[in-house]
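Biologist: I am new to this structure and would be glad of a close look at a single part of it. Please take the cysteines and the residues around them, and then set that part against the rest of the chain.

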Amino acid sequence: MSLQMVTVGNNIALIQPGFSLMHFDGQVFFFGQKGWPKRACPTGVFHFDVKHNHLKLKPAVFSKDSCYLPPLRYPAICTFKGSFESEQHQYIIHGGKTPNNELSDKIYVMSAVCKNNKRITFRCIEKDLVGDVPEARYGHSIDVVYSRGKSMGVLFGGRSYVPAAQRTTEKWNRVVDCLPHVFLVDFEFGCSTSYILPELQDGLSFHVSIARNDTIYILGGHSLANNIRPANLYRIRVDLPLGSPAVSCTVLSGGISVSSAILTQTSNDEFVIVGGYQLEDKKRMVCNIVSLEDNKIEIREMETPDWTPDIKHSKIWFGGNMGNGTIFLGIPGDNKQAVSETFYFYMLKCAEDDVNEDQKTFTNSQTSTEDTGDSTPFEDSEEFCFSAEAYSFDGDDEFDTYNEDDEEDESVTGYWITCCRTCDVDINTWVPFYSTELNKPAMIYCSHEDGHWVHAQCMDLAESTLIQLSEGSNKYYCNEHVAIARALQTPKRALPLKKPPLKSLRKKGPGKILTPAKKSFLRRLFN
């Protein structure tokens, strides 16, 4: 094992505890920034490009038919293949925390649809579930099992807020363990079924899950109710016959006490567990090898890397699996320094670089770390955040660059726009006005003078009106400037007078015949 420090070019503030890493076509992508995405990268997904121990974040691109994907922290993420033999895979994203500290109960399917000039275009689709729908949660796991030529998602654990009817002012956002139910999710038909297994007595969060064929192994985890990290090891087996699925659970020996650990795959049958916590005031510095052979699991300690003094003495650490047996680690900087708090990042290589794509797609580890705001005093110390540098990515030409100079001061303007004097949008709780913000934006551009952006809800625009104005090429003026715009409008062109035929000029009745002189005068008048 080798440990190397990584430098971040800029926008280091995007990398906060709770992020996730995904792998597509040999590339790593970052998901789950803290805060709503900016206009320069409306999706909140970045290409995680590390070269010569230097990290660059490059905004990813989504197709026009994608749904809005909010930046979710501490979600459950796993890979999914249509069939066991399929080479292409998708990512399933469920739950997680939004930047408003609300919990999501939605499930998204993210796939790569196009690759041109080393740039991958993604498509994100929101899946609707029926049946026993899992409640909104975070810190849980979701995996995919394959049995008898069919596949099924398995969701377990996590934390959720106290039901609204039981909340009090003092403990409005209090979190509790989710019930220890196992949910089977059919991604094709959107059906979800809950199972109660007697072997699972406690709701566990931030555990480690490993999926292999029709079996899932659950290791460790943290129970809020008892404030313990039991050394449990569960084997959940799912059989998918033509009828109803059969779900069974077996308690195995040889488990480990750990929470918030990171899992990476080093070979077809071996995984490595790194990091996490074994007590509320003690990080777990031991690494373990997990071997799966002949439907058996074996966990043993391995030689630990040469941890730096900063890593040894830091209170928290977090990270994610980069694939190829490599783990990305982050620790908080020295708070005693005069500069703003920051994070230091490392890459820990647990294996050689010969792990192929098929191997690493089976690695389904948890989210990067336990929540730093809802659990124990040690793991839930204040969340570290800091200002990003004010210079842009110097990315390659084939990628769009993210320039923080494009963003206005959010503390003054609120979500990078000034809007109007009567704007009542709270900058701390702003959410997209429309759920599909990617192709139905909740803002519109006023063309007055240099132009400015306004909220659709402040302008009292219906969604259909907003779409019509956004798709057209005509200029739009907000409520404050629409009177000025009308004064500047060019007067409408007057329609030419129609020439009536001469026969209509003759009135019926005696004495009403026009004289030749009157006819000549009328001809000159209308010609």
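Modeller: What follows goes from the chain as a whole to the cysteines, and then to the aromatic residues and nonpolar cores elsewhere. Please keep in mind throughout that this is a predicted model.

The chain has 527 residues, and buried residues make up 50% of them. Its secondary structure comes to six helices and 32 strands. Of the contacts with a separation of 6 or more, 60% are between residues 24 or more positions apart.

The part you ask about is best entered through a record. In an unreviewed entry, UniProt lists Cys 419, Cys 423, His 455 and Cys 458 under "binding site". These four residues span 40 residues in sequence, yet no two of their C-alpha atoms are more than 8.1 Å apart, so they gather at one spot. Cys 423 belongs to the loop between α3 (410-413) and β31 (443-446), while Cys 458 belongs to the loop between β32 (452-455) and α4 (463-471). Once neighbours within four places in sequence are left aside, Cys 423 is in contact with His 455 and Cys 458, both of which are also listed in the UniProt entry. Cys 423 counts as partly exposed because its relative accessibility is 26%, whereas Cys 458, at 16%, counts as buried.

With several cysteines in view, one may ask how many disulfides the structure holds. The structure holds zero disulfides. Cys 67 serves as an example: it is in no disulfide, and the nearest cysteine sulfur, that of Cys 124, is 3.8 Å away. A pair of cysteine sulfur atoms has to be within 2.5 Å to be counted as a disulfide, so the distance of 3.8 Å from Cys 67 to Cys 124 does not qualify. Cys 67 is buried, with a relative accessible area of 12%, while Cys 191, at 35% relative accessibility, counts as partly exposed.

Another cysteine to follow is Cys 478, which is found in the loop between α4 and α5 (482-488). Cys 478 has a relative accessibility of 1% and therefore counts as buried. In sequence Cys 478 and Cys 446 are 32 residues apart, but in space they are 5.6 Å apart, C-alpha to C-alpha. Not counting residues up to four places away in sequence, Cys 478 touches Cys 446, His 452, Val 454 and Met 459. The loop between α4 and α5 also holds His 481, which is buried with a relative accessible area of 15%. With neighbours within four places in sequence again left aside, His 481 is in contact with Cys 446, His 448 and His 452. Cys 446 and His 452 are thus among the residues touched by Cys 478, and they are also among the contacts of His 481.

For the setting elsewhere in the chain, the largest nonpolar core is a useful landmark. This core has 20 residues, and those with the most contacts inside it are Ile 15, Phe 48, Phe 328 and Phe 345. The elements that give two or more residues to this core are β1, β3 (27-31), β4 (45-51), β5 (54-59), β28 (318-323) and β30 (343-349), and β30 gives the most, with three residues. Ile 15, leaving aside its neighbours within four places in sequence, is in contact with Phe 30, Phe 48, Leu 55, Leu 57, Phe 318, Phe 328, Phe 343 and Phe 345. Apart from this core lies another, of 19 residues, among them Ile 216, Tyr 234, Val 238 and Cys 249.

The structure also holds 20 aromatic pairs. One of them joins Phe 19 and Phe 328 edge-to-face, at 6.3 Å centre to centre and with 70° between the planes. This pair links distant parts of the chain, since Phe 19 is in the loop between β1 (2-8) and β2 (20-24) and Phe 328 is in strand β29 (residues 326-332), 309 residues apart. Phe 19 is buried, with a relative accessible area of 1%, and Phe 328 counts as buried at 0% relative accessibility. Both residues belong to one aromatic cluster, which also includes Phe 30, Phe 46, Phe 48, Phe 318, Phe 343 and Phe 345.

Finally, two lysines lie over aromatic rings. The charged end of Lys 97 sits over the ring of Tyr 138, 4.7 Å from its centre, and Lys 283 lies over the face of Trp 317, at 5.4 Å from the ring centre.

Notes: Residues are numbered from 1 along each chain as its sequence is written. This is a predicted model: local features need pLDDT of at least 70, side-chain atom pairs count only at pLDDT 80 or more; totals for chains, interfaces and linings use all residues. Side-chain values use heavy atoms; hydrogens and water are left out. Rings of Phe, Tyr and Trp (its six-membered ring) pair if their centres lie within 6.5 Å; planes under 30 degrees apart count as stacked, over 60 as edge-to-face and the rest as tilted. Helices (H or I, at least four residues) and strands (E, at least two) are DSSP runs, numbered from the N terminus. Buried means under 20% relative accessible area, exposed over 50%, partly exposed in between (1.4 Å probe, protein chains only). A charge sits over a ring if NZ of Lys or CZ of Arg is within 6 Å of the ring centre and within 35 degrees of the ring normal. A nonpolar core is a set of buried Ala, Val, Leu, Ile, Met, Phe, Trp, Tyr and Cys residues joined through side-chain atoms within 4.5 Å. Contact means heavy atoms within 4.5 Å. UniProt positions are given in the numbering used here, feature names are shortened, and annotations may be inferred rather than shown by experiment.
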